[in-house]
Amino acid sequence: MSDPEESHLVQERRQKVDRLRDRGVEPYPWSFPDRVPSTTVVDRCRSLTPGATASGPDARVAGRIRTIRQHGRSAFLDLEDQAGGLQLFLRVDELEEPAYSEWLADLDPGDIVGAEGSPMVTRRGEPSLLVRQLTMLAKAIAPPPEKFHGLRDAELRIRRRYLDLLSSPETRARFRARSLLVREIRHFFDEHDFLEVETPILGAVASGAAAEPFGTRSTYLDEDLQLRISLELPLKRLLVGGMERVYELGRIFRNEDLDVTHSPEFSMLEAYWAYTDYTDMRRLMEAMYLRLARRIADLLPEVPAAVEAPTLFQSPFAVVDFVEALEERSGIPGLLDKGRDELRALARTAGATVPDASPPGKFLDKLFEHYVEPSLTRPTFVVDHPLSTTPLAKHHRSKPGRVERFELYCRGVELANAYSELNDPDEQARRFEEQLAAKGTDHYAIDRDFIEALQYGMPPASGVGFGIDRAFMALTGAASIKEVILFPPVRSRP
RNA sequence: GGGCCCGUAGCUCAGCCCGGUAGAGCAGGCGGCUCUUAACCGCAAGAUCAGGGGUUCGAAUCCCCUCGGGCCCGCCA
């Protein structure tokens with residue numbers, strides 16, 4: 001693939017830029033005031049019969065030229081803007097300066113133009129703008145992707161997302177929906193009196209999850225730093241500090257390979273709620289997902305999975321006990337009494353390869369992943385995990401060997417993870433030590449300052465975390481996380 | 001990191017099995033057309049066939065390596 005700079009197509013378009021300048025037309029002007037969305041013009045066309053032109057004031061629209069259909073001394077242009085698009089109808093006897101023939105010669109698909117004229121409906125019934133004045137707003141010197149098939153090359157669609165966006169209404173709709181869904185999530189927490197906060201991305205030791213961190217370095221501090229892998233510990237410090245309902249929605253970084261459901265950097269929301277337990281949080285999450293499901297159906301009426309979301313997410317969500325579900329599905333009784341070696345053997349049989357030295361919880365997670373997860377297509381809360389799987393949750397008040405935790409699953413994907421938060425400083429210290437000793441989790445560094453914070457007293461609280469990308473995937477049925485991240489990580493260009 | 005598959009014009013694709021020196025549509029150029037909508041009609045142009053090496057009289061095509069991508073596995077609560 002040669003550099004577009006060298007292409008003769010670009011050369012030809014550069015010559016058009018020169019020609020425009022020679023005629024005194026600025027190819028890159030500063031603004032286009034008083035423009036309205038294309039939908040405003042389309043609305044004004046509704047009352048018109050085919051062939052009629054509106055009598056009222058002229059309308060001004062702006063956007064990108066997608067196609068040009070020239071008919072000798074008239075032409076139709078398809079103009080696209082964020083609201084949608086509109087057909088422009090150019091006729092030599094309607095168009096003011098500059099001359100029609102000059103305009104068409106220097107206009108290409110991909111150019112951004114402004115148009116002023118009368119709303120009209122063609123004889124074939126297409127809402128249009130009968131153009132009186134056409135203004136070049138940004139001459140495109142690189143040609144846009146093919147008008148009908150668009151950009152299919154998966155690599156180009158990701159590396160040059162702007163090309164994917166400008167050539168694909170579906171892509172534009174998807175990312176618009178993502179933004180509005182994030183807005184909805186913020187509204188939800190704001191309405192429940194949670195404060196949105198920001199905590200550091202850079203720190204000495206990344207903690208709060210078992211994942212390989214990215215490293216970087218501060219020249220000023222002369223220290224090695226790590227990028228955060230979770231939001232948990234700083235937010236809990238805020239509970240200690242007296243903030244009773246906090247959440248953060250931000251990027252976290254895990255130094256791992258990318259696949260259909262994992263990206264090395266992704267957006268995570270974590271919320272902590274003082275004086276409540278995981279049952280309260282379960283109700284909150286159910287309420288949130290019910291709301292998001294309704295919202296996504298409105299936002300993406302063209303996407304079947306989005307339209308089905310309100311049917312799929314219906315109250316009450318199913319609740320299953322982690323151990324009961326696993327024992328039932330696998331047909332293996334007494335899992336909690338089994339030792340590490342026995343669990344490892346079972347995990348092997350189930351086809352999972354886990355480092356021998358992993359803590360018992362790791363094998364249980366693998367078994368769960370294998371036997372239970374795929375069957376969780378409807379929204380289901382999996383509750384009360386074995387203690388060995390979860391170092392930061394409070395032990396269960398009535399089930400020995402368990403913690404008060406839930407994970408929400410839907411369409412086989414984990415959508416949320418929450419627990420009654422551990423606030424006993426000594427037990428927390430002990431759990432960290434155990435994790436560290438168990439190996440297989442060598443990235444678990446002990447955050448001493450966090451233990452110290454707990455010593456001052458953290459109110460009982462529930463906390464939840466969920467990946468924004470996966471939530472959006474589950475709601476829209478997206479096949480890959482790359483489809484829901486505007487700029488997924490890619491290798492630098494060769 | 002391992003396995004399989006893919007990379008041909010700016011874009012979308014054919015040609016590759018079975019070796020004979022590259023073909024179309026869109027976009028662009030020139031000409032025609034004042035209601036089209038993947039507009040249409042005519043003419044001309046556009047390609048280090050991802051890059052490098054090998055086999056061969058001859059390689060887009062067969063083999064090897066490199067780069068980039070996709071899928072699966074591993075890693076990843």
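This passage describes the surface around RNA strand B and then one sheet of the protein, both taken from a predicted model.

A good place to begin is the RNA. The protein places 54 residues around RNA strand B, and Glu12, Arg124, Lys147, His262 and Lys482 come nearest. By class, this surface holds 26 charged residues, alongside 14 polar and 14 nonpolar ones. Seen from the RNA side, sugar or phosphate accounts for 56% of the strand B atoms within 4 Å of the protein, and bases make up the rest.

Individual side chains reach each of these parts of the strand. The side chain of arginine 491 has an N or O atom 2.9 Å from a phosphate oxygen of RNA strand B. For glutamate 407, a side-chain N or O atom lies 3.3 Å from a sugar or linking oxygen, while for glutamate 126 the partner is a base nitrogen, at 3.3 Å.

Helices and strands both contribute to this surface. Helix α1 (8–22) gives the most, with four residues. Others that supply at least two residues each include β1 (59–71), β2 (74–81), β3 (84–91), β14 (405–410) and β15 (413–420).

Strands β14 and β15 also belong to an open, mixed sheet of eight strands, ordered β6-β10-β11-β16-β15-β14-β13-β12. Because β6 (195–196) and β12 (318–321) stand at the edges with a single partner strand each, one side of each has no neighbour in the sheet. Within the sheet, β11 (265–274) and β16 (461–467) run antiparallel and are joined by seven bridges; here tyrosine 272 faces glycine 463 of β16. Helix α7 (232–240) lies across β10 (245–253), β11, β15 and β16, at about 25° to β11.

Key
Residues are numbered from 1 along each chain as its sequence is written. Chains are lettered from A and ligands numbered from 1 in the order in which they are written. This is a predicted model: local features need pLDDT of at least 70, side-chain atom pairs count only at pLDDT 80 or more; totals for chains, interfaces and linings use all residues. Side-chain values use heavy atoms; hydrogens and water are left out. A residue is near a molecule or strand if one of its heavy atoms lies within 4 Å of it. A polar contact is a pair of N or O atoms within 3.5 Å; within protein, one must be able to donate a hydrogen and the other to accept it, and residues adjacent in sequence count only if both atoms are side-chain atoms. Ala, Val, Leu, Ile, Met, Phe, Trp, Tyr, Cys and Pro count as nonpolar, Asp, Glu, Lys and Arg as charged, and the others, Gly among them, as polar. Two strands pair if DSSP finds at least two bridges between them. Contact means heavy atoms within 4.5 Å. Axes are lines fitted to C-alpha atoms, for helices over the stretch in contact, and angles run from 0 to 180 degrees between N-to-C directions.
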